[in-house]
Amino acid sequence: MSSSRGPKVIQMRADRILNRERKEKLPAPVLMVAATFLFATMGMCVKFASAEYSTSEIVFYRGLVGAAIMLVLTRTHGLTLRTSLPSLHFSRSITGVSALGLWFYAIGELPLSTAVTLNYMSPIWMALMLLGGSAFLGGRGVDVRLACTVLLGFAGVVCILQPTMEHNQLWAGLMGLLSGLLTAMAYLQVSALGKAGEPEGRVVFYFSLCSIGAGALVTSLVSGWHVHTLKGLSMLLAVGLLATLAQLLMTRAYAIGRMLVNGSLQYLSILWSYFYGVLLFNDLVTGLGLLGMGLIAVAGIAAARLRQSITPANSINTAPGP
């Protein structure tokens, strides 16, 4: 009798240990909230760094820190960085680095929450791509709900561009809007890499390498390199560390949590950025500007929900920023 109870006791203890470990793991919503806070903090560091460095320099150092971290992580876990898809990595990286550079430029020139919100137009751009692709391929009729979310998102853009920026900031606003479009394109390329079996760490590593190359090239030919200060160097290091850690947290949240919940929570970055802008940079955001941010957030969440109901779930990484 004791021999028959032995395996049951062992199994019960094993189940308790597994349950305890599961409870100790942070749930996906907590990971997502932490990731949005880190992304917003990264934006704050980018804005501080913009006072001492050019956009291309910030992109270079962000890539340098990110590549070093991913190299250590992949080697620690015994993974390889070799790929059989160099051309796909190259095209994804070029798109992502272009989006990153435009976003960093917008952060340096615009109120922080405005720049972050414009980058969060990416789900709305993706919805527009879905509508355009359906019409081009002669599919079923245009989804009215999806079209409404696109219009709602662009109504938010109009609200933001009108009252929250001076006339000399309009160019930066357009660059921020373009960064959201390129980010949406980068998401689709990341999805293609995921379907081809490329792990997230390898994708981030090659993106970081491209950031290093592109940042170094543009800095050497256009802006020139600036002398480091203690504050500036600490901001550059913080940008790379925060961006990489936030990316890892968000990736983990999407891996274990519900996509729609995560996609909704990621818009908390706009709220964190608003508080940073008001408290640290004296950003003035009008009521109409806040309305625009709210419209874009609502439209982005609705677009993500509708897109998932129209197309099958895939591995698109919906993290903000490329």
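I'll start at Asn-282, which is found in the loop between α12, residues 268-280, and α13, residues 287-310. A word on the source before going further: this is a predicted model. Asn-282 has a phi near 55°, which is a positive value in a residue other than glycine. With a relative accessibility of 62%, Asn-282 counts as exposed.

Next, the charge over a ring. The ring is that of Phe-281, and the charged end of Lys-47 sits over it, 5.7 Å from the ring centre.

Now the overall layout. The secondary structure comes to 13 helices and 0 strands. Read along the sequence, then, the pattern is α repeated from start to finish. The chain has 322 residues, and 47% of them count as buried.

On to helix packing. Two packed helices are described by the angle between their axes and the distance between the axes. I have two pairs to show.

The first pair is α4, residues 86-109, and α8, residues 170-195. Their axes come within 8 Å and cross at roughly 155°. Angles over 145 degrees count as roughly antiparallel, and α4 and α8 are therefore roughly antiparallel to each other. The crossing of α4 past α8 is left-handed. Sorted by class, the contact of these helices has 16 nonpolar, 9 polar and 2 charged residues.

The second pair is α3 and α9. Here the axes come within 7 Å, and the crossing angle is roughly 150°. By that angle, α3 and α9 are therefore also roughly antiparallel to each other. The crossing of α3 and α9 is left-handed. Their contact, by class, has 13 nonpolar, 9 polar and 2 charged residues.

Between α8 and α9 there is a loop, and Pro-199 has its place there. At 33% relative accessibility, Pro-199 counts as partly exposed. If you look across from Pro-199 to Leu-79, the two C-alpha atoms are separated by 9.6 Å, while the residues are 120 apart along the chain.

Now the aromatic rings. A pair of aromatic rings is described by the distance of the centres and the angle of the planes. In this model the count comes to 11 aromatic pairs. One of them is Phe-60 with Trp-225: the ring centres are 5.1 Å apart and the planes are at 80°, so the pair is edge-to-face. The cut-off for that label is a plane angle over 60 degrees.

Where do Phe-60 and Trp-225 lie? Phe-60 is in helix α3, residues 55-76, and Trp-225 is in the loop between α9, residues 200-223, and α10, residues 230-256, so the pair ties together parts that are 165 residues apart in sequence. As for exposure, Phe-60 counts as buried, at 13% relative accessibility. Trp-225 is partly exposed, with a relative accessible area of 40%.

Another pair is formed by Trp-103 and Phe-104, with 6.2 Å centre to centre and 35° between the planes, and this pair is tilted. Are Trp-103 and Phe-104 buried or exposed? Trp-103 is buried, and Phe-104 is buried as well.

The last item on rings is a cluster. Ring pairs link Phe-37, Trp-272 and Tyr-276 into it.

To recap the packing: α4 and α8 are roughly antiparallel, and α3 and α9 are roughly antiparallel. On the aromatic side, Phe-60 and Trp-225 make an edge-to-face pair, whereas Trp-103 and Phe-104 make a tilted one.

Terms used: Residues are numbered from 1 along each chain as its sequence is written. This is a predicted model: local features need pLDDT of at least 70, side-chain atom pairs count only at pLDDT 80 or more; totals for chains, interfaces and linings use all residues. Side-chain values use heavy atoms; hydrogens and water are left out. Axes are lines fitted to C-alpha atoms, for helices over the stretch in contact, and angles run from 0 to 180 degrees between N-to-C directions. Helices (H or I, at least four residues) and strands (E, at least two) are DSSP runs, numbered from the N terminus. Angles under 35 degrees count as roughly parallel, over 145 as roughly antiparallel, 65 to 115 as roughly perpendicular and the rest as oblique. A crossing is left-handed if the near helix is turned anticlockwise from the far one by less than a right angle, and right-handed if clockwise. Ala, Val, Leu, Ile, Met, Phe, Trp, Tyr, Cys and Pro count as nonpolar, Asp, Glu, Lys and Arg as charged, and the others, Gly among them, as polar. Rings of Phe, Tyr and Trp (its six-membered ring) pair if their centres lie within 6.5 Å; planes under 30 degrees apart count as stacked, over 60 as edge-to-face and the rest as tilted. Buried means under 20% relative accessible area, exposed over 50%, partly exposed in between (1.4 Å probe, protein chains only). A charge sits over a ring if NZ of Lys or CZ of Arg is within 6 Å of the ring centre and within 35 degrees of the ring normal.
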